[in-house]
Amino acid sequence: MNSRRDRYSIIITSLVIALVLTLVPLPSWLHVIWPYWVALVLIYWSLETVTMISLGMAFFIGLLLDLFTGSLLGLHALSLSVIEYLVQRFRARLRFFPPWQQALSVFALLMNDRILLLWIISLRGDPLPSMDFWLPPVAGTLVWPWLFLLLDRYRGVMRHRSLP
């Protein structure tokens, strides 16, 4: 099998799992702190692969997420595109940060996403969310080192499996 196709299958599989984690029905107390899994996985693959993830792919994944969650069409597409742009822009720095500093950078990316979402909420005239609205970026920051290690190990196993 083609090495590039193998890498795409790994990326697609992990993004589908992240999408399923996003769609899982949760109790209200857990839903409040549930991380933005799709964004976390997208950040990982953007950092680890140079040309595999593009702005167009991030936009398409966001549109799929909008369709599956029933949210405003383009909401997640815009947020994932902005996250992808920022990761691509600062990839050279982010990639070589120590894990704790990389987690803080992920926190900044996820907070930027929340600020963008808050802006869209205010443009629509919806009431402002409660303080719980700011908990998913904190949860994503705490999950990031473990998710990074898990995806890194998965990528390594798949790389060794594709070698002759």
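Helices in these legends are DSSP runs of H or I with at least four residues, numbered from the N terminus. The structure shown in every view is a predicted model.

**View 1. The largest pocket and the helices that line it.** About 800 Å³ of space lies in this pocket, and of its 27 lining residues those closest to the centre are His31, His76, Arg114, Leu117 and Pro136. Helices α1, α5, α7 and α8 each supply at least two residues of the lining, with the most coming from α7, which gives eight residues. Sorted by the character of their side chains, the lining residues of the largest pocket comprise 17 nonpolar, five polar and five charged.

**View 2. The largest nonpolar core, with Val38 picked out.** This core has 34 residues, and those with the most contacts inside it are Val38, Ile43, Leu80 and Trp144. At least two of the core residues come from each of α1 (3–23), α3 (37–48), α4 (55–69), α5 (75–89), α7 (99–124) and α8 (135–162), and the largest share, ten residues, is that of α3. When residues up to four places away in sequence are not counted, Val38 touches Leu15, Ala18, Leu19, Thr22, Ile61, Leu65 and Leu80. Another core, of five residues, lies apart from the largest one and includes Leu75, Ile120, Ile121 and Phe133.

**View 3. Ile11 and its surroundings.** Ile11 is part of helix α1, and with a relative accessible area of 0% this residue counts as buried, because the limit for that class is under 20%. Once the neighbours within four places in sequence are left aside, the residues in contact with Ile11 are Trp45, Thr49, Met52, Ile53 and Met57. Phe68 serves as a reference point farther along the chain, 57 residues from Ile11, and the C-alpha atoms of the two residues are separated by 19 Å.

**View 4. The largest cavity, enclosed beside Ile11 and Arg155.** Rolling a probe the size of a water molecule over the atoms shows where empty space is left. A search of the whole structure for cavities of 30 Å³ or more finds one, and about 30 Å³ of space lies in the largest cavity. The residues lining the largest cavity are Arg7, Ile10, Ile11, Trp45, Thr49 and Arg155, and α1 gives the most to this lining, with three residues. By character, the lining of the largest cavity divides into three nonpolar residues, one polar residue and two charged residues. Trp45 and Thr49, which belong to this lining, are also among the residues that Ile11 contacts.

**View 5. Glu48 paired with two arginines.** Side chains of opposite charge can pair when their charged atoms come close. Glu48 forms a salt bridge with Arg95, and the closest N and O atoms of the two are 3.2 Å apart. This pair links distant parts of the chain, with Glu48 in helix α3 and Arg95 in the loop between α6 (91–94) and α7, 47 residues apart. Glu48 also meets the side chain of Arg155 in a salt bridge, at 2.9 Å from N to O, and here too distant parts of the chain are linked, since Arg155 lies in helix α8 and Glu48 in helix α3, 107 residues apart. The partners can also be described by their exposure: Glu48 is buried, with a relative accessible area of 11%, and Arg155 is buried as well, with a relative accessible area of 17%, whereas Arg95 counts as partly exposed at 30% relative accessibility.

**View 6. The Arg124 and Asp126 pair, and the network around Glu48.** In the salt bridge between Arg124 and Asp126, the closest N and O atoms are 3.6 Å apart. Arg124 is exposed, because its relative accessible area of 52% is over the 50% limit, while Asp126, at 30% relative accessibility, counts as partly exposed. Elsewhere in the view, salt bridges that share partners join Glu48, Arg95, Asp152 and Arg155 into one network. The count of salt bridges comes to four.

Methods: Residues are numbered from 1 along each chain as its sequence is written. This is a predicted model: local features need pLDDT of at least 70, side-chain atom pairs count only at pLDDT 80 or more; totals for chains, interfaces and linings use all residues. Side-chain values use heavy atoms; hydrogens and water are left out. A nonpolar core is a set of buried Ala, Val, Leu, Ile, Met, Phe, Trp, Tyr and Cys residues joined through side-chain atoms within 4.5 Å. Buried means under 20% relative accessible area, exposed over 50%, partly exposed in between (1.4 Å probe, protein chains only). Contact means heavy atoms within 4.5 Å. On a 1 Å grid over the protein atoms alone, a cavity is a set of points where a 1.4 Å probe fits but cannot get out, and a pocket is an open set with protein on both sides within 12 Å along at least five of seven lines; lining residues have an atom within 4 Å of a point. Grid points are joined across faces, edges and corners, and a volume is the space filled by probe spheres set on the points. Ala, Val, Leu, Ile, Met, Phe, Trp, Tyr, Cys and Pro count as nonpolar, Asp, Glu, Lys and Arg as charged, and the others, Gly among them, as polar.
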